[in-house]
Amino acid sequence: GGPSLGLSLARVLILAIMGQYEESLRLALRIDRAMQLARRIAKLPREEGVRRGLWREIIIHNVRKQHNVGRALQLIKETDALSIEDLLPHMPDFTKIDDFKGEICDSLNSYKKEIEKTRSSIAEYTEATDRASTSAAARAGLGGDGEGAALRISQAQECNLCKTSLFAAESYAFACGHCFHVTCAAEFVLPFHSPEVQKLCQDMDKKLKYYDALMATAGKWTERDAREAQDLRDKLRGYIGADCPLCGYLAIHNVDLGLVEEEDWDRAMGIWS
């Protein structure tokens with residue numbers, strides 16, 4: 001009756017206000033003529049995964065309980081959380097394909113566009129690889145320091161590790177197209193070196209910071225200081241910037257390393273268990 005319906009609706013609203021959207025929606029779907037309320041609840045969560053789950057329950061309710069495939073299709077068009085693929089597993093065996101042929105064609109066209117986009121990306125990556133190979137070959141023929149090799153870098157280029165502007169700090173740029181701040185590359189590469197090399201690089205970095213501070217002091221910067229600072233940078237580059245950290249010899253050499261360090265194994269297993 002009326003009072004009972006009013007209490008049920010009140011429970012639905014209270015649960016929704018408390019953020020218990022699944023319980024609120026299930027209760028709403030058990031109430032006659034409360035579909036509009038159920039749709040409003042499904043729109044409340046900010047998390048896309050939660051919204052998808054709520055809309056999926058509404059779709060299943062329309063197909064299995066009310067046997068209303070047409071209504072389910074309308075709901076799919078109403079929200080961007082679901083597609084025709086979410087509906088197909090719940091369709092009755094006797095459903096005629098003519099009822100939703102247009103939606104299937106739209107879905108296939110969408111997949112076609114995604115495939116074409118993927119093909120285009122593959123072609124771009126292949127072209128970039130060819131350019132990198134050509135550049136590397138040319139660089140190899142120019143001598144050890146690669147003098148004369150050119151690499152164009154966009155003003156919008158970011159460090160591939162920290163995702164901030166490449167020009168915010170001293171940087172490395174590689175023929176493959178990857179670019180890194182020196183400090184970011186050091187943090188990424190040094191853990192793969194021996195403790196002795198790590199200590200050596202840290203000492204060189206301290207000396208470079210001393211020379212940088214000296215250069216900022218008027219009248220105290222000499223040509224000898226400049227040569228020593230450049231020599232330190234060249235040595236440091238040999239350990240940190242000799243090759244691209246993401247696709248060079250370091251990545252290849254460590255391809256068989258586990259994703260979890262041995263000392264973190266128990267903690268990681270505890271998280272996943």
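**Salt bridges, cysteines and overall fold**

Seven salt bridges are found when the whole structure is searched. The structure is a predicted model, and three of these pairs are described below.

One salt bridge joins Glu170 to Arg233, with 3.3 Å between the closest N and O atoms. This pair connects distant parts of the chain, as the two residues are 63 residues apart. Glu170 belongs to the loop between helix H7 (101-140) and strand E1 (171-173), while Arg233 is part of helix H10 (residues 223-240). Glu170 has a relative accessibility of 46% and is therefore classed as partly exposed. Arg233 is also partly exposed, its relative accessible area being 21%.

Helix H10 contains two further pairs, Glu228 with Arg224 and Asp234 with Arg237. In the pair formed by Glu228 and Arg224, the side chains meet in a salt bridge with an N to O distance of 3.1 Å. These two residues are four residues apart, which corresponds to about one turn of the helix. Glu228 is partly exposed at 30% relative accessibility, whereas Arg224 is exposed, with a relative accessible area of 55%. The latter value places Arg224 in the exposed class because the cut-off for that class is over 50%.

In the pair formed by Asp234 and Arg237, the closest N and O atoms of the salt bridge are 2.7 Å apart. Here the separation along helix H10 is three residues, again about one turn of the helix. Both partners are partly exposed: Asp234 has a relative accessibility of 34%, and Arg237 has one of 36%. An α-helix has 3.6 residues a turn, so residues three or four places apart point the same way.

The cysteines were examined next. The structure contains zero disulfides. For Cys184, the closest cysteine sulfur is that of Cys162, at a distance of 3.7 Å. This separation is too far for a bond, because a disulfide requires the two sulfur atoms to lie within 2.5 Å. Cys184 counts as buried at 13% relative accessibility. Cys201 is likewise buried, with a relative accessible area of 2%.

Cys184 is one of the buried residues of helix H8 (residues 182-189). The other buried residues of this helix are Val182, Ala185, Ala186 and Val189. The cover over the buried residues of H8 includes strands E1 and E2 (179-181), together with helices H10 and H11 (249-253). Helix H10 thus contributes to the cover of H8 and also holds Arg233, the partner of Glu170 in the salt bridge between distant parts of the chain.

At the level of the whole protein, the secondary structure consists of twelve helices and two strands. Along the sequence, these elements follow the pattern α-α-α-α-α-α-α-β-β-α-α-α-α-α. The protein has 273 residues, of which 28% are counted as buried. When contacts between residues at least 6 apart in sequence are considered, 42% join residues at least 24 apart. The protein exposes about 19200 Å², and carbon and sulfur atoms account for 54% of this area.

Definitions and conventions:
Residues numbered from 1 in each chain as written. Predicted model: local features only at pLDDT ≥ 70, side-chain atom pairs only at ≥ 80, totals over all residues. Heavy atoms only, no water. Salt bridge = Lys/Arg side-chain N within 4 Å of Asp/Glu carboxyl O. Buried < 20%, exposed > 50% of the residue type's maximum accessible area, 1.4 Å probe, protein only. Contact = heavy atoms within 4.5 Å. Areas by Shrake-Rupley, 256 points an atom, 1.4 Å probe, with all protein chains shown as cover.
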